[in-house]
Amino acid sequence: MDEPILTIDERSAINGGRWFSTLSPSLKHDILRCAYVKRFKDGDLIAARGEPPEEWIACAKGAVRVSSTSISGKQITLAYVEPGIWFGDVAIFDGDRRTHDAYAHADTTILCVAKADFKKILALHVELYEALLRLHARRIRQLYGLVEDLNTLPLRARLAKQLLHLVRSYGVPSLSDATEVRIGLQLAQEELAQLLGASRQRVNQELKSMERDGAIRIEQGGLVVRDRAALMHIIDADN
């Protein structure tokens, strides 16, 4: 059964979100007042492609895996929505159906605002229109950046960028070595490869090369970044 309220850590993730934290107190209050909590286990379907949009959603814990299915039936991961990030508003605005599937990656908590409440908040707060425009502009910039990287950077540099992004979003400081950071989001190499538009074999080769260079450490439970400066050097060297 869903818990009725967010935990302290989940609420902190929502309130500390880069976009949400810029909103006025009254707007944040009205959004949270209408919102309700849903909890999912790893692999549970949160929203399906082709469904009408009924909710505006924020990730509060875990991750939401956004995926598509190829003609051959293979599931392709396109992105992971991290805690503090809101999504689902585009489909509400344009009235079209959802374009991708969304699954829980690990135990995941989401905060939802019903479509009708979302529209009421928009009517009460002109500020939300402007804030969502800024959010959409940021998404477009990120999308263009990803396309540019895909066409101009080698896999090694794109992998280094992705690892640094995962450290910022899911980094867990090491208790034994202050210079090391464990990536808390556990991704199989196949999932990491899908994010980069590459094969698992090539990503595995690059990870092993980075491990030999001392930038990362590959463990059974995931990846540990040992030297963030070394990853930055990889990116700068290929720009």
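The following conversation concerns salt bridges, a surface patch and a pocket in a predicted model.

Reader: What kind of model is this, and how are residues numbered?
Author: This is a predicted model, in which local features need pLDDT of at least 70, side-chain atom pairs count only at pLDDT 80 or more, and totals for chains, interfaces and linings use all residues. Residues are numbered from 1 along each chain as its sequence is written, and side-chain values use heavy atoms, with hydrogens and water left out.

Reader: How many salt bridges are there?
Author: A search of the whole structure finds eleven. A salt bridge is a side-chain nitrogen of Lys or Arg within 4 Å of a carboxyl oxygen of Asp or Glu.

Reader: Which residue pairs with Glu 55?
Author: Glu 55 forms a salt bridge with Lys 38, with the closest N and O atoms 2.9 Å apart. Glu 55 lies in strand β3 (residues 55–69) and Lys 38 in strand β1 (residues 36–40), so the pair ties together parts that are 17 residues apart in sequence. Strands (E, at least two residues) and helices (H or I, at least four) are DSSP runs, numbered from the N terminus.

Reader: Is Glu 55 buried or exposed?
Author: Glu 55 is buried, at 13% relative accessible area, whereas Lys 38 is partly exposed, at 25%. Buried means under 20% relative accessible area, exposed over 50%, and partly exposed in between (1.4 Å probe, protein chains only).

Reader: And what does Lys 161 bind to in a salt bridge?
Author: Its partner is Asp 149, and the closest N and O atoms are 3.0 Å apart. Lys 161 belongs to helix α6 (residues 155–170) and Asp 149 to helix α5, so this pair ties together parts that are twelve residues apart in sequence.

Reader: Which residues are linked in a network of salt bridges?
Author: Glu 180, Arg 182, Arg 217, Glu 219 and Arg 226 are linked in this way.

Reader: Changing topic, which residues form a nonpolar patch on the surface?
Author: Phe 93, Val 126 and Tyr 129 form the patch, with about 300 Å² of accessible area together. Patches are made of residues with over 30% relative accessible area and no salt bridge; like charges are joined within 9 Å, and nonpolar side chains (Val, Leu, Ile, Met, Phe, Trp, Tyr) within 5 Å. Accessible areas come from the Shrake-Rupley method with a 1.4 Å probe, and for residues only the protein chains shown count as cover.

Reader: Where is Tyr 129?
Author: Tyr 129 is in helix α5 (residues 126–152), and its relative accessible area of 42% makes it partly exposed.
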